[in-house]
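These are my notebook entries on a helix pair, the salt bridges and one strand residue. I began with the helix pair.

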Amino acid sequence: MSIPFYRAALLAEVGLAALVLGALAAGCLPARDAPPAPTVDAPHAVHADTALVDSLARAFFEAHTLPSLVVGLVDSTGRQVWVYGDADSLGAPDIHTRYEIASITKVFTALALADLAARGTVALDDPVSAYLPDSLAVPEHVTLERLASHTAGLPFLPPGLPLTLDPYATYTVRDLFSALGGIHIGAPGDYLYSNLGVGLLGHALARAEGVTYADLIQTHVLRPLGLEETSVLVPDTARLAQPHAQPGQTTPPWTFTDAFAGAGALRASTADMLALLAVHLDPPADLPPSLAEAIAMVKRPRVSIPAHSFSVALGWHRSPIGTDGASLALWHNGSTGGTRSFAGYVSGNTGGGVGVVVFTNIQQDATDFGLDLLGHVATASPGRDPH
């Protein structure tokens, strides 16, 4: 089966996760029998056919021998979560279990950029060089907006990134600056998915505020939205789902320095991800004005590829979904050495819509499943927004 255009570029990250398996030294755990799959948190509070969601999720869970799977839905009437398997030695996950969200972090970085732009702290068309040391010669066309929309001409990764179990852990800001001095930066405009670009964006925004990336996201996204279960580091009192390279084989979580934190550092719960999608679907009236403006800003297409009915916003990818292709999804996926994630939503014409979150703690891509599930539930969602 051919790979849709909008997914081909994103598979590079999955490829990186697969490459690090060559260095795998983690231990093996015996396979566990999966317990029955309960639904948790406000059952039957969504418009979706809950039996269909469970059927699709069970099929995905069983076909790929997943250690755990969490599927969350949110719409104008509430939220519902389905859980399957074991997140770690403590047993089944729940709505508060944290997973590595990997590249879905880019959505948070783009939202922080938009909030800063709405406040007048930065401008989307500012060259990133304005927020970097003067000694770095980065072309003027590498703007904040182009970094957030993968159109700045930067490659997916810098040369020399170590293919280890934790490839970003030792890659420093000094390494990032050194790489910028030696890589070829292409012409602007064309879509080229780049972890390097969004890592650079996150660091530049943090420099603009004089803070760390973690503090940047806390101030401009997490605290205003009340997302208390999303962070770069997971507190000792919180559960992080144990990543797996393959069934029965554990692998360490990935860690990030500020050089790449903006591209993939966050860990989040299903509860927080559903709350984030809910804000995008229907921003509350008491949202800070700059963040309300930022939510609208990140949805707008920045570059379009008409031949493939695909476009890129700030952080989000936009593509038609569903059997009739009549729904426009904004979505992102994530991939580390042992976790896969997906988040996406379809807005309604007059508010409402539906959002989907998928987490699994193994190297099994969840993108197709997430998009297919979103297509099914969007069809039943009232007031869906045709593209």
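Entry 1, helix packing. I worked from a predicted model. I looked up α6 and α7 and found them oblique to each other, because their angle is about 120 degrees and oblique covers what falls outside the parallel, antiparallel and perpendicular ranges, the last of these being 65 to 115 degrees. The axes of α6 (residues 173-180) and α7 (residues 195-209) are 12 Å apart. I noted that α6 passes α7 in a left-handed crossing. On the α6 side I listed Val173, Leu176, Phe177 and Leu180, which meet Leu196, Leu200, His203 and Arg207 of α7. I sorted the residues of this contact into six nonpolar, one polar and one charged.

Entry 2, salt bridges. I obtained a count of four salt bridges and looked up several of them. Aspartate 54 pairs with arginine 58 at 3.0 Å, N to O; both lie in helix α3, four residues apart. Aspartate 54 is buried at 18% relative accessible area, whereas arginine 58 is partly exposed at 31%.

Aspartate 115 and arginine 119 form a salt bridge at 2.8 Å, N to O, and they are about one helical turn apart in α4. I recorded aspartate 115 as buried, at 1%, and arginine 119 as partly exposed, at 48%.

Glutamate 145 meets arginine 302 at 3.4 Å, N to O. This pair links distant parts of the chain, helix α5 and the loop between α11 and β9, 157 residues apart.

Entry 3, valine 303. I located valine 303 in strand β9 and found it buried, at 16%. Its contacts include Gly189 and Phe310.

Conventions. Residues numbered from 1 in each chain as written. Predicted model: local features only at pLDDT ≥ 70, side-chain atom pairs only at ≥ 80, totals over all residues. Heavy atoms only, no water. Helix = DSSP H or I, 4+ residues; strand = E, 2+ residues; numbered from the N terminus. Buried < 20%, exposed > 50% of the residue type's maximum accessible area, 1.4 Å probe, protein only. Contact = heavy atoms within 4.5 Å. Axes fitted to C-alpha atoms, helices over the stretch in contact; angles between N-to-C directions. Parallel < 35°, antiparallel > 145°, perpendicular 65-115°, else oblique. Left-handed = near helix turned anticlockwise from the far one by under 90°. Nonpolar A, V, L, I, M, F, W, Y, C, P; charged D, E, K, R; others polar. Salt bridge = Lys/Arg side-chain N within 4 Å of Asp/Glu carboxyl O. Lists of a residue's contacts leave out its neighbours within four places in sequence.
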